[in-house]
Amino acid sequence: MTDFSPTRTAALERLSAFLPKAGSTYAKRRNYDLGPDRHTEGVSTLSPYLRHRLITEAEVLEAVLARHSLKSAEKFVQEVYWRTYWKGWLEMRPGVWTAYRADLQRQLDRLKSEGGLRRMWQDACEGETGIEPFDFWAKELAQTGYLHNHARMWFASIWVFTLGLPWSLGADFFMRHLLDGDPASNTLSWRWVSGLQTKGKTYMAASSNISKYTEGRFGGIHGLAQAPRIPEAPADPERMPIPLTQPVSKDLPTALLVHSDDLALGDVLKSAPQVLGTGVLTDVSNRSPLAIAPHVQEFATAAINDALNRWSDRLAEQTFLSPDAVADWAKGLGAQQIVTPYAPVGPVADDLARIETALRSKGITLARVRKDYDSAAWPHATHGFFRFKEKIPALLGAMRGIETV
Ligand SMILES: Cc1cc2nc3c(=O)[nH]c(=O)nc-3n(C[C@H](O)[C@H](O)[C@H](O)COP(=O)(O)OP(=O)(O)OC[C@H]3O[C@@H](n4cnc5c(N)ncnc54)[C@H](O)[C@@H]3O)c2cc1C
């Protein structure tokens, strides 16, 4: 079973073990899901670390390109940029996140009154549908907090098209259990499988494909949907520019706010070298309206503690806070400004928006510090990935040496 130890040291070890495979091995083997004990043979399993930025995308790309040419590591580099692309795409269309959360709430309300739907949803979440690989992946996810990318695609396709369950309930099942549960990659990948992201283009799981790419672990699966029924969804909102951020003022008494979306604190501390104190938001329960799996909260809390330990000499006194308590805490410290790493569209950004309103009523500003890596790449996520990926060589060229972890 792949072990996900929530430390930067573990992330760096994992990266260094993966580096020899990041070229042609990854390109050939990345689609094979060989089971929970063998994931690291084909893929990096870095996603829980990237999700919380115990390691950054830029660091991973730098390390891979120090070892391989861009040509030989192209496939891996592109996958890392898929993550970045989804983030930029959602950042320019925050209404898609809001619409997902609203649809999810509607579907959760339906579960209260529609017994048949509720039973099917429960069976799917518990891995009791009778579709052998699907049931295996549901249990693997609940037990380990990780699924191979191909298994995520097959699982989502069977959820939507074979079982006929609402896609947003599936996305929520992933968000409650994945250690890497990410508002952009998860929501938009579920939309992509369902035919809502690239309009009319769905992903259909096929028995022969599952058999081939699990090397026969599963085969002869009967009853998988052959024809997609694309769910209804509202039209996408108009694209907006990437939001501007409030600049950090060097002259104001400043406190730092740490959260689980970005634990690479180097650049936020560079912008505010002296802080009066550090507030810490550890609760990630708002990734879902339902209870999230204990391992998801434990991973996030331990990842935050790992970052706090590494930066302890720069953080002054640390206070663990709920979002509602931040404004009073900042006022009590005498802060007139809070600096925090930028949180992309999702639950943490939703919390920061509420915190900002409470701070404003006390005359305190909130400055979100966005990484240059994100600011350079996100504005290119205007259309599909194929247009975005043309920018990768230029983005890599501009990226070298811009990050402080
Ligand atoms: C339905 C569905 C839901 C998903 N939900 C999430 C999620 O919540 N969080 C998440 O991080 N990824 C999600 N993904 C994308 C992808 O499955 C995971 O990023 C990948 O499996 C992580 O494993 P890895 O680190 O071993 O990947 P590797 O293959 O080693 O790739 C390296 C890194 O590139 C990025 N990456 C790779 N593939 C993708 C992809 N298809 N889309 C976006 N980024 C990618 C990840 O950051 C990953 O860590 C989802 C995909 C699907 C089909």
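## What surrounds the ligand, and how the domains meet

Start with the shell around the ligand: its residues split into 12 nonpolar, 8 polar and 7 charged. Keep in mind that this is a predicted model. In total, 27 residues surround the ligand, and the closest are Ser44, Ser47, Asn149, Asn186 and Ser189. At least two shell residues come from each of helix H3 (47-52), helix H5 (74-91), helix H9 (149-162) and H11. By domain, at least three residues are drawn from domain 1 (8-91 + 377-399), and at least three from domain 2 (111-210).

Now for the overall layout. The domain assignment cuts the chain into three pieces, with domain 3 spanning 254-369. The centres of domain 2 and domain 3, taken over C-alpha atoms, lie 31 Å apart. Their contact uses 10 residues from domain 2 and 12 residues from domain 3. On the domain 2 side, helix H10 (167-177) and helix H11 (183-194) are the elements giving two or more residues. H10 gives the most, with 4 residues.

Here are the two residue sets by class:

| Residue set | Nonpolar | Polar | Charged |
|---|---|---|---|
| Shell around the ligand | 12 residues | 8 residues | 7 residues |
| Side of domain 2 that touches domain 3 | 5 residues | 3 residues | 2 residues |

So much for the contacts; there is also a record to look at. An unreviewed UniProt entry carries the annotation "domain: Cryptochrome/DNA photolyase FAD-binding" over residues 76-205. In the model, that stretch is 75% helix and 0% strand, and its end C-alpha atoms are 23 Å apart.

Definitions and conventions
Residues numbered from 1 in each chain as written. Predicted model: local features only at pLDDT ≥ 70, side-chain atom pairs only at ≥ 80, totals over all residues. Domains from an automatic or database assignment. Contact = placed C-beta atoms within 7 Å. Nonpolar A, V, L, I, M, F, W, Y, C, P; charged D, E, K, R; others polar. UniProt positions renumbered as here; feature names shortened; annotations may be inferred. Near = placed C-beta within 6 Å.
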